[in-house]
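Please look at the model shown below before reading further. The paragraphs that follow lead through it step by step, from metal sites to helices and then to the pairing of the chains.

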Protein chains: 2
Amino acid sequence: MLSFTEENYLKALVQLTIFEDGKDEVGVNKLASCLTVKPATVSDMVRKLKAKSLVNYEKYGKISLTAVGKKSGMMVIRRHRLWETFLQEKLDFSWDEVHELAEELEHIHSQKLINRLDQFLDFPAFDPHGDAIPNVDGEIVIPFRKTLSEAKKGDVVKIVAVKDNSSEFLQYVDKIGLVIQDEMTIKEKEEFDSLITIKIKGKQHVVSPRFTDNIFVVCAKCLKAKDCTCKH
Amino acid sequence: MLSFTEENYLKALVQLTIFEDGKDEVGVNKLASCLTVKPATVSDMVRKLKAKSLVNYEKYGKISLTAVGKKSGMMVIRRHRLWETFLQEKLDFSWDEVHELAEELEHIHSQKLINRLDQFLDFPAFDPHGDAIPNVDGEIVIPFRKTLSEAKKGDVVKIVAVKDNSSEFLQYVDKIGLVIQDEMTIKEKEEFDSLITIKIKGKQHVVSPRFTDNIFVVCAKCLKAKDCTCKH
DNA sequence: TCAATTAGTTAGATAAGGCTAACTTTTATA
DNA sequence: TATAAAAGTTAGCCTTATCTAACTAATTGA
Ligand SMILES: [Mn+2]
Ligand SMILES: [Mn+2]
Ligand SMILES: [Mn+2]
Ligand SMILES: [Mn+2]
């Protein structure tokens with residue numbers, strides 16, 4: 001049985017080496033800053049995780065997950081996202097409140113409990129932030145998507161997820177009136193300072209990279225992000 | 001914020017000094033065996049709890065809860081019993097499965113979460129084992145009741161709760177076909193070995209103190225246990 | 001290519017929660 | 001009331017997860 005701490009390390013590793021595209025390994029410093037502990041602490045812990053065959057690692061090398069480590073980390077994320085969904089759907093919490101509560105609930109281990117919860121929620125595919133929920137085997141299909149920063153002037157895009165789960169960010173998204181599945185048009189894009197003017201439900205907003213880097217979108221016409229065949 | 005361990009100490013103290021009638025303090029050894037740790041461990045921890053003003057205690061003396069300690073302990077029990085109710089009502093767990101899961105869930109701290117859960121369950125008064133659920137202020141009314149062992153030959157009683165929450169015990173209760181709120185008649189009572197013959201739903205069963213000590217009942221006629229005015 | 005910077009490791013400390021073994025206080029009982 | 005048994009405490013040790021400070025290895029770039 002894994003401890004809270006070990007589970008948090010594995011979860012962070014999934015986020016850094018699987019969800020972050022183009023990377024399948026990570027260094028001690030980056031993992032440390034992700035977990036807000038010191039590199040020395042990670043150095044120690046990674047040795048323990050290696051001893052349990054949860055990570056691949058050699059002194060002064062990079063860290064990556066083994067198959068077992070990946071599955072364990074995925075299960076933590078499955079639990080996190082299912083609890084977030086429960087809190088929003090059944091207990092009427094807003095999407096900016098659920099993450100913090102799920103940080104505790106994700107460490108309740110029972111497989112049976114989480115599978116019953118999944119069933120109770122009618123097997124949701126996405127959590128309140130638009131993130132895909134890993135299945136009972138810890139498998140996940142990460143849909144194609146790009147950040148709003150990558151969209152071009154004139155694009156019509158649909159928001160599918162948010163990257164930042166902090167309540168400050170989500171409350172700002174609420175303030176703008178943006179909801180998952182909403183469509184928006186990129187009216188202006190200022191290369192100089194990267195400010196973008198978007199139009200949502202008839203209203204225009206000027207937003208900064210702090211916002212656009214944390215919004216995931218797909219093309220509203222073909223619903224794809226990459227390999228979009230639309231003419232724009 | 002209290003740790004898991006501190007919460008478990010306070011919960012155990014509520015059970016030993018408030019729910020167990022006739023006692024408002026407990027010794028180190030009894031608390032230790034209740035928590036399945038060694039007396040030395042309790043000795044240390046009780047000093048820490050006293051430093052936090054959660055218990056009253058003097059070296060070589062008995063342990064009792066302060067008002068703050070009692071409320072904290074009650075809140076743990078509130079969370080435990082509400083989660084048990086959720087697991088049974090919403091996730092279809094049987095009453096012999098819920099206790100173990102609630103042992104983990106009871107340590108999720110958010111007041112808002114537990115109050116929302118309470119509302120979602122429509123403010124249940126009792127948990128799956130017939131135990132009263134403390135209210136939002138940690139207050140509880142423990143209803144009058146006696147153990148089945150205390151019933152006399154000829155009594156007609158109604159089961160209101162079980163004392164033992166272990167799955168072995170609860171599965172035995174299931175096997176006999178007994179459900180909370182069921183009525184039964186005491187047909188025979190053998191003083192020699194304390195075996196009792198009960199009749200439930202037309203069927204007779206011979207049961208031992210291991211069973212009767214762990215079943216709480218009230219008189220089926222007046223619904224009281226103590227001060228029963230019925231003529232039997 | 002070598003010095004500076006960045007990344008990573010090690011040693012030693014701390015705090016929580018637990019243990020055993022030895023000791024002390026309290027209580028029960030002959 | 002003396003003494004044995006029961007109850008409780010203390011000292012010293014362990015493990016997990018963290019830290020700081022000092023050290024070493026790897027990378028970068030002039
Ligand atoms: Mn989250
Ligand atoms: Mn989420
Ligand atoms: Mn229980
Ligand atoms: Mn219960």
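**Metal sites, helices and symmetry**

In this predicted model, the manganese ion (ligand 2) is held by three residues of chain A: A:Glu84 through OE, A:Asp127 through OD and A:His129 through ND1, at 2.1 to 2.2 Å. Along the chain, these donors follow the spacing E-x42-D-x1-H. A second ion, the manganese ion (ligand 1), lies 3.4 Å from the manganese ion (ligand 2), and A:Glu84 coordinates both. The pair also links distant parts of the chain, for A:Glu84 belongs to helix H4 (residues 67-89) of chain A, while A:Asp127 sits in the loop between helix H6 (111-120) and strand E3 (146-147) of chain A, 43 residues apart.

Attention now turns to chain B. There the manganese ion (ligand 4) is coordinated by B:Glu84 (OE), B:Asp127 (OD) and B:His129 (ND1), at 2.1 to 2.3 Å. In sequence, the donor residues of the manganese ion (ligand 4) show the spacing E-x42-D-x1-H. B:Glu84 lies in helix H4 of chain B, and B:Asp127 in the loop between helix H6 (111-120) and strand E3 (146-147) of chain B, so the pair ties together parts that are 43 residues apart in sequence.

The manganese ion (ligand 3) has as its donors B:His80 (NE2), B:Glu84 (OE) and B:His99 (ND1), at 2.0 to 2.2 Å. The spacing of these donors along the chain is H-x3-E-x14-H. B:Glu84 forms a bridge between the manganese ion (ligand 3) and the manganese ion (ligand 4), which are 3.4 Å apart. Because B:Glu84 lies in helix H4 of chain B and B:His99 in helix H5 of chain B, the pair ties together parts that are 15 residues apart in sequence.

How do these two helices of chain B lie relative to each other, and at roughly what angle do they cross? The axes of helix H4 (residues 67-89) of chain B and helix H5 (residues 98-105) of chain B come within 9 Å and cross at roughly 130 degrees. H4(B) is therefore oblique to H5(B). Their crossing is right-handed. On the side of H4(B), the contact involves B:His80, B:Trp83, B:Glu84, B:Leu87 and B:Gln88; these meet B:Val98, B:His99, B:Leu101, B:Ala102, B:Glu103 and B:Leu105 in H5(B). Sorted by class, the contact of H4(B) with H5(B) comprises six nonpolar, three polar and two charged residues. B:His80, B:Glu84 and B:His99 thus appear in this contact and also as donors to the manganese ion (ligand 3).

Another pair of helices in chain B can be followed in the same way. The axes of helix H1 (residues 4-19) of chain B and helix H3 (residues 39-51) of chain B come within 11 Å and cross at roughly 95 degrees. This makes H1(B) roughly perpendicular to H3(B). B:Thr5, B:Glu6 and B:Tyr9 of H1(B) make the contact with B:Thr41, B:Val42, B:Met45 and B:Leu49 of H3(B). By class, four nonpolar, two polar and one charged residues take part in the contact of H1(B) with H3(B).

Finally, the two chains may be considered together. A turn of 180 degrees and a shift of 0.0 Å along the axis lay chain B on chain A with an RMSD of 0.0 Å. That is the relation of a two-fold axis. The same surface serves both copies, since 100% of the contact residues of chain B recur in chain A. Of the residues of chain B, B:Leu105 comes closest to the rotation axis, at 3.9 Å (C-alpha).

Definitions and conventions:
Residues are numbered from 1 along each chain as its sequence is written. Chains are lettered from A and ligands numbered from 1 in the order in which they are written. This is a predicted model: local features need pLDDT of at least 70, side-chain atom pairs count only at pLDDT 80 or more; totals for chains, interfaces and linings use all residues. Side-chain values use heavy atoms; hydrogens and water are left out. Axes are lines fitted to C-alpha atoms, for helices over the stretch in contact, and angles run from 0 to 180 degrees between N-to-C directions. Helices (H or I, at least four residues) and strands (E, at least two) are DSSP runs, numbered from the N terminus. Angles under 35 degrees count as roughly parallel, over 145 as roughly antiparallel, 65 to 115 as roughly perpendicular and the rest as oblique. A crossing is left-handed if the near helix is turned anticlockwise from the far one by less than a right angle, and right-handed if clockwise. Contact means heavy atoms within 4.5 Å. Ala, Val, Leu, Ile, Met, Phe, Trp, Tyr, Cys and Pro count as nonpolar, Asp, Glu, Lys and Arg as charged, and the others, Gly among them, as polar. Copies are superposed by least squares on the C-alpha atoms of residues with pLDDT of at least 70 in both. Donors are N, O and S atoms within 2.8 Å of the metal (3.2 Å for Na, K and Ca); water is not among the atoms, so sites may look incomplete.
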